[in-house]
There are 2 protein chains.
Amino acid sequence: MRTYQYNYYTPTKIFGGEGAIEHLLPSIQQYGNKVLMVFDSNTAHATGIYDTVVDTFKANGIQWWEYDKVDPNPRLYSVIEGAQLCKDNDVDVVLAIGGGSVIDCSKGIRAAAFYPDLSDYDGLWAWGASGKDIKETLPLVVICTMASTGSEMDGGAVIINEHTHQKGGSFHGDLFLPNVSILDPCFTYSVPPRHVAAGVADIFIHTSETYLDGGDGTYLVDGFAEAIMRTCVKYGPIALADPKNFEARQNLQWAAPWAINGLVRAGRTSGWTLHGMQHPMGAYHDIIHGQGLAILMPRWMKYILGKGNTVEKFAQYGVNVFGIDANLPQQEIAEKAIDATADFFFNKLQIPSTLSAIGMTDEHFEEMAADAARGSFMFYVPLTKEEIIEIYKQCL
Amino acid sequence: MRTYQYNYYTPTKIFGGEGAIEHLLPSIQQYGNKVLMVFDSNTAHATGIYDTVVDTFKANGIQWWEYDKVDPNPRLYSVIEGAQLCKDNDVDVVLAIGGGSVIDCSKGIRAAAFYPDLSDYDGLWAWGASGKDIKETLPLVVICTMASTGSEMDGGAVIINEHTHQKGGSFHGDLFLPNVSILDPCFTYSVPPRHVAAGVADIFIHTSETYLDGGDGTYLVDGFAEAIMRTCVKYGPIALADPKNFEARQNLQWAAPWAINGLVRAGRTSGWTLHGMQHPMGAYHDIIHGQGLAILMPRWMKYILGKGNTVEKFAQYGVNVFGIDANLPQQEIAEKAIDATADFFFNKLQIPSTLSAIGMTDEHFEEMAADAARGSFMFYVPLTKEEIIEIYKQCL
């Protein structure tokens, strides 16, 4: 405990609440008047954001270029196409309108706009993954339309190398923190139910990855983490049943960034086990990130129960997140916590409960597990490639 | 609920944990090599920070000037004296070493260094209080030696106008957020017990001021607030009994900024009732801020119990902060919560329980209450001047 240090840095300026988009124009104008707008076309139109933004830009002499070709799991080619638009038009600021995919892609773009040769795919990938030679990025303003990845207040981006099937935290660091993020809960009303559920699972698991992953003496940040997870448990099902429930949407949207921005991390190690196993899945199959995580989590918990301090930690989680009776034996609480996790994801949030239900087969288990195993020395409970394959199989 | 908006902005870079002072030199050097060091002499020497800093500066060609005349409740004359040193020596960056008083005073200094005529006391006071003409401030690096006000990650400063006995949030806003804060829990080991206790009460009451003060649908941030208050309840007594308990010191030190930096505020009004009543006390008597707040809180709670939604809110607080049985009647839980609050402050933290015990008389109750009543329309439960006097009397 005594040896750790921690950093915390989140300079993103947040404007939250209904009507927060009124802060868009000054947020843009502080950086200039040439904007690359990166967006998901369906969402931007369904929410009315597109029209609002374009009207605002027209009325105020802002020039803009549009890029709406970001895949659900963004690939490096999108980063290159967006960055080319920035270079060609001397863009001052990137405006991301969307959820994690659009924001992550925009983070890649804001850096790649400074990369000398955008035809050098492999060079750009290595440059982004290392980050050490990235000296500046374009300003980034975000209008967030999903409660999910927390990318709106975080310095990470997950981009796929479509040549090598690598998926990972490329383009990350302080230079990638958005400058401004606008969080209007009403903009999340039109998110399709399966994405609402996957988003809630993503928030929950961002938090649990850190919370469950070792560390002791972290009473304060454990409390923060439990508050986020309880918020998911309380409001996830409400947002599904009543999509325009403002209170549910606001609490979920504000929970998302705190799950990832470092609040729950200070003072502990964090191995990101489930992300380590899920990212290779996303690199081979176009699945929804939060669904993949949710399918893995209860099987993984069951697999590692009894190893390290898992019984004690899962019991704390069961009591403080799901309200399981603290007077039961620890082992029983831990088992009930695993069941409650599965019930939350697969019944309450109606997330498909198996990999086959989301269109996956065992075809790439070997490669995926090999990829995941490379980082598994950092896992909460370290896993071999064979063990990872076994967990994948239990999820089929 | 649906009409609110909120902002959140905390760009302070935090380096936390044992040995975090290793980040001092680059934190300073990014701004220049001429430093005004504002510090509490006792603390800076008792902790060894003074020697460490001076050795580091000598070895790296950093020039520094020293200002160690900050009162426990900092007054404007200190702001002026510090700012004069900055002007005379073309200082690049202010380094604050201390707790809330030193940090708040340094915030005044970083702005006043740009005020044209430091002999214009009244003009400077008005300029700081309004803030609208403050366009720039000197960079501010903090080495925090107390878990208390949270000024190390907040844009506010409380300065006293010794001419008019006004105490308030002068010199506040985004330009006053520290650029870097270094939080080494070991630097808080030597804080005298009465200041440890007052600091814990300050953290607790910063949180409760927001938490108890109205708002609904704030489940997530209520959870954050409860985690901070539980941390005070758990670790305050441990830090008193075992001053070098790292875990207690770390949790308390990291709780302090989150109690004040906006985390627990998003989406609610916040009337800061106890601060409204305490600041006039501090302007007339050199009392310890957290002691004054703690003495007021249980009397104030008892006085307003039954008005507005206090029963329901105090009951939630009793259950989630003090673990009172949720199955009892709401009124009974609320009453027990008030008792638990008094027990926490006056028994567990050993804070003097009356105003007379900290040297106050009723001499200035009229003026103090008149001052407090000016802002009381914002209070959780609005109070007249006479009601405020009545509460003061119950605290005598």
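Here is a short chat about how two chains meet and share a sheet in a predicted model.

Guide: Residues are numbered from 1 along each chain as its sequence is written, and chains are lettered from A in the order written. In this predicted model, local features need pLDDT of at least 70 and side-chain atom pairs count only at pLDDT 80 or more, while totals for chains, interfaces and linings use all residues.

Visitor: What makes β1 (5-17) of chain A a strand?

Guide: Strands are DSSP runs of E with at least two residues, numbered from the N terminus. β1(A) covers residues 5-17, so that label fits the definition.

Visitor: How do you know that β1(A) and β1(B) pair?

Guide: Two strands pair if DSSP finds at least two bridges between them. Here there are nine, in the antiparallel sense, so they pair by that definition. One example is Y6(A), whose bridge partner in β1(B) is G16(B).

Visitor: Which strand of chain A is joined to β1(A) by four bridges?

Guide: That's β8(A), residues 180-183, and the two run parallel. There, F15(A) has I182(A) as its bridge partner.

Visitor: Why is one side of β3(A) left without a neighbour in the sheet?

Guide: The open sheet has twelve strands with mixed pairing. β3(A) and β3(B) stand at its edges, each with a single partner strand, so one side of each stays free of neighbours in the sheet.

Visitor: How many residues does each chain bring to the contact?

Guide: 35 from chain A and 35 from chain B, where contact means C-beta atoms, placed from the backbone, within 7 Å. On chain A's side, β1(A) gives the largest share, twelve residues.

Methods:
Contact = placed C-beta atoms within 7 Å.
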